[in-house]
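The exercises below concern strand pairing and charged side-chain pairs in a single chain. Each task is followed by a solution that proceeds step by step.

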Amino acid sequence: MALDPSFVGRTYPPTDPYEVGREKIREFAEAIGDSNPAYTDTETAKALGYPDVIAPPTFVFAISFKAAGQVIEDPQLGLDYSRVVHGDQKFAYSRPVRSGDRLAVTSTIEAIKTMAGNDIIDIRGEVHDEAGEHVVTAFTKLVARAAEGA
């Protein structure tokens with residue numbers, strides 16, 4: 001069953017703040033094999049002009065995708081998550097994510113379309129810090145594959 005295009009433009013409430021910690025950044029950098037010292041060493045980050053260590057660019061995915069769960073789990077939307085694959089991910093930064101940031105995400109459905117029986121949904125996640133400053137926008141594309149024989 002195709003997703004209802006009237007959901008385009010629907011915005012969900014902001015998430016509770018996520019506090020970014022040095023250890024989480026370090027663990028993430030190690031997991032992706034990025035040895036940039038700005039991700040692990042406070043003095044290096046400060047020498048680069050940051051108040052604390054910064055996170056690799058894809059770090060925010062975990063925060064923004066969790067926020068997109070509000071869209072995914074919306075029973076009125078009717079998305080069958082068992083058929084979903086991650087189609088694309090992009091980020092547009094105003095500044096790097098830093099240790100100590102408390103970030104909230106507001107998700108909006110940007111587009112819904114059906115191609116070859118597959119539902120494609122684009123979700124924009126606006127990430128702001130506690131002061132309301134824009135940090136990054138995450139663009140997530142999900143594809144709900146058509147049911148067998150559909």
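**Exercise 1. Determine how strand 2 and strand 5 are joined, and then place both in the sheet.**

Step 1. Strand 2 is joined to strand 5 (residues 134-144) by 9 bridges, and the two run antiparallel; strands here are DSSP runs of E with at least two residues, helices are runs of H or I with at least four, and both are numbered from the N terminus. Within this pairing, His 86 has Leu 142 of strand 5 as its bridge partner.

Step 2. Two strands count as paired if DSSP finds at least two bridges between them, and on that basis 5 strands make up an open, antiparallel sheet in the order 1-3-4-5-2. Strand 1 and strand 2 (84-93) stand at the edges with a single partner strand each, so one side of each has no neighbour in the sheet.

The model is a predicted one, in which local features need pLDDT of at least 70 and side-chain atom pairs count only at pLDDT 80 or more, while totals for chains, interfaces and linings use all residues. Residues are numbered from 1 along each chain as its sequence is written, and side-chain values use heavy atoms, with hydrogens and water left out.

**Exercise 2. Find which parts of the chain are linked by the salt bridge between Glu 19 and Arg 102, and state how accessible each partner is.**

Step 1. A salt bridge requires a side-chain nitrogen of Lys or Arg within 4 Å of a carboxyl oxygen of Asp or Glu; for Glu 19 and Arg 102 the closest N and O atoms are 3.5 Å apart.

Step 2. The pair links distant parts of the chain, since Glu 19 lies in strand 1 (residues 18-19) and Arg 102 in strand 3 (residues 102-115), 83 residues apart.

Step 3. With buried meaning under 20% relative accessible area, exposed over 50% and partly exposed in between (1.4 Å probe, protein chains only), Glu 19 is exposed at 51%, whereas Arg 102 is partly exposed at 28%.

**Exercise 3. Describe the salt bridges of Arg 22 and Arg 26.**

Step 1. Arg 22 meets Asp 52 in a salt bridge at 2.9 Å, N to O. Asp 52, at 10% relative accessibility, is buried, while Arg 22, at 45%, is partly exposed.

Step 2. Arg 26 meets Glu 30 at 2.4 Å, N to O, and both residues lie in helix 1, 4 residues apart, about one turn of the helix.

Step 3. By the salt-bridge rule the count comes to 13.
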